[in-house]
Amino acid sequence: MDFSLTDDQKALAAAAADFARAELADHAADWDATSHFPVDVIRRAGEAGFLGIYTPEEHGGLGLSRLEASLIFEQLSQGCIATTAYLTIHNMVTWMIATWGDDALREAWVPAMVAGEALGSYCLTEPGAGSDAASLRTKAVRDGDDYVISGSKMFISGAGATEVLVVMARTGEPDSGAGGVSTIVVPADAAGVEYGKNEEKMGWKSQPTRLVSFDGVRVPVTNRLGAEGEGFKFAMKGLDGGRLNIASCSLGAAQQALTLSRDYLAERKQFGRDLSSFQALQFKLADMASELTAARLMVRHAAWRLDQNDPEATAHCAMAKRFATDMGFNVCNEALQLHGGYGYIREYPLERLVRDTRVHQILEGTNEIMRLIVARRLLADGVIESLQ
């Protein structure tokens with residue numbers, strides 16, 4: 001069992017770290033303060049290949065593994081968590097269209113999305129359907145060769161600044177549950193699409209979050225991904241990778257917080273001694289590093305299982321997401337405490353790290369839902385034994 005990265009994987013991580021330093025790190029605080037969505041920088045991420053990381057090569061992407069995507073997102077998030085988090089969503093949307101769209105739909109969108117010429121949003125959550133996503137009410141009614149879409153989606157990242165929406169809508173009867181959902185690609189400027197205000201959020205301020213309303217929006221049936229009724233399955237497959245992506249952002253945030261804490265303890269003095277000489281603070285730093293290392297191993301192991309199409313990959317992705325996002329917030333919060341009053345002011349990045357990582361425990365499925373996914377699998381025969 002070899003846990004080392006290949007030279008190519010190290011090179012990918014190094015390239016992402018270089019991009020984070022050159023394009024993200026120096027601007028993250030200003031983007032946060034002004035709620036600026038850095039579309040120009042996101043497009044340059046496309047030039048670097050970071051908008052089609054696991055989109056297949058035959059469709060213009062890099063065709064990398066989910067493990068390699070995790071390495072990239074971990075490094076990018078050390079530059080700006082919120083912007084990297086949007087990149088993960090865009091990658092998921094691009095991959096979904098490339099994987100389940102027909103040739104014409106792929107040709108219409110994927111090359112532009114990989115290049116950063118068109119940005120995407122993932123539209124699943126609704127005002128009345130969050131954790132219980134299968135109860136969504138947005139409907140798509142067949143009318144000849146078109147679907148007519150009506151309803152609304154809530155908390156949509158990038159909404160109002162993106163060009164394409166991947167929308168989960170009910171094509172079956174109102175009580176048809178997960179089996180009555182289809183996934184449909186909707187141009188963001190289609191007639192009948194309207195956007196709410198940019199929500200004022202605790203964190204993730206460098207990407208807009210809006211309600212999206214659909215009032216009789218007409219799109220061709222050929223804009224559907226896969227067959228009618230397969231949409232919820234596609235949405236969940238997208239979220240397996242999405243959960244690893246957001247977990248990877250938490251790894252990057254925790255790594256940055258750990259590095260900042262080490263440097264601060266080495267340079268700050270109290271009671272005539274370096275803070276790094278106090279055993280209690282040494283213990284805290286050791287715990288932070290231990291938790292980060294454990295989470296990193298879980299995320300990479302889950303990514304490997306997803307790459308192998310392991311039948312238990314969904315449960316492992318859920319476990320990794322739950323553990324890594326809880327860990328990321330806790331490590332950033334402990335780092336803020338180590339910095340004392342300095343950690344609480346905006347001149348230092350710790351308060352932003354805490355704000356940005358907090359939402360990771362909520363999105364891509366709350367951590368309570370992650371526990372539910374795992375528990376249901378554990379109750380199946382032989383699953384607990386297979387964890388050994």
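**Exercise 1. How many residues of the lining of the second largest pocket are nonpolar, how many polar and how many charged?**

Solution. This is a predicted model, in which local features need pLDDT of at least 70, side-chain atom pairs count only at pLDDT 80 or more, and totals for chains, interfaces and linings use all residues. Residues are numbered from 1 along each chain as its sequence is written, and side-chain values use heavy atoms, with hydrogens and water left out.

Step 1. Fix the terms. On a 1 Å grid over the protein atoms alone, a pocket is an open set of points with protein on both sides within 12 Å along at least five of seven lines, while a cavity is a set where a 1.4 Å probe fits but cannot get out; lining residues have an atom within 4 Å of a point. Grid points are joined across faces, edges and corners, and a volume is the space filled by probe spheres set on the points.

Step 2. The second largest pocket has a volume of about 420 Å³. It is lined by 13 residues, and D2, F3, R300, H301 and W304 are the closest to its centre.

Step 3. Sort the lining by class. Ala, Val, Leu, Ile, Met, Phe, Trp, Tyr, Cys and Pro count as nonpolar, Asp, Glu, Lys and Arg as charged, and the others, Gly among them, as polar. The result is six nonpolar, four polar and three charged residues.

Step 4. Helix α8 (residues 279-307) gives the most to this lining, with six residues. Helices (H or I, at least four residues) and strands (E, at least two) are DSSP runs, numbered from the N terminus.

**Exercise 2. Which residues line the largest cavity?**

Solution.

Step 1. The count comes to one cavity of 30 Å³ or more, and the volume of the largest cavity is about 30 Å³.

Step 2. Its lining consists of A28, D32, C80, A82, K205, S206, R352 and D356. Of these residues, three are nonpolar, one is polar and four are charged.

Step 3. Helices α2 (28-34) and α11 each supply at least two residues of the lining.

**Exercise 3. At what angle do α5 and α7 pack?**

Solution.

Step 1. Axes are lines fitted to C-alpha atoms, for helices over the stretch in contact, and angles run from 0 to 180 degrees between N-to-C directions. Angles under 35 degrees count as roughly parallel, over 145 as roughly antiparallel, 65 to 115 as roughly perpendicular and the rest as oblique.

Step 2. Helix α5 (residues 81-100) and α7 pack at about 155°, with their axes 10 Å apart. α5 is therefore roughly antiparallel to α7.

Step 3. The crossing of α5 and α7 is right-handed. A crossing is left-handed if the near helix is turned anticlockwise from the far one by less than a right angle, and right-handed if clockwise.

Step 4. For α5 and helix α6 (residues 103-115), the angle is about 155° and the axes are 9 Å apart, so α5 is roughly antiparallel to α6. Here α5 passes α6 in a left-handed crossing.

**Exercise 4. What are the helix and strand percentages over residues 122-217?**

Solution.

Step 1. UniProt lists "domain: Acyl-CoA oxidase/dehydrogenase middle" (unreviewed entry) for residues 122-217. UniProt positions are given in the numbering used here, feature names are shortened, and annotations may be inferred rather than shown by experiment.

Step 2. Residues 122-217 are 0% helix and 47% strand, and the end C-alpha atoms are 17 Å apart.
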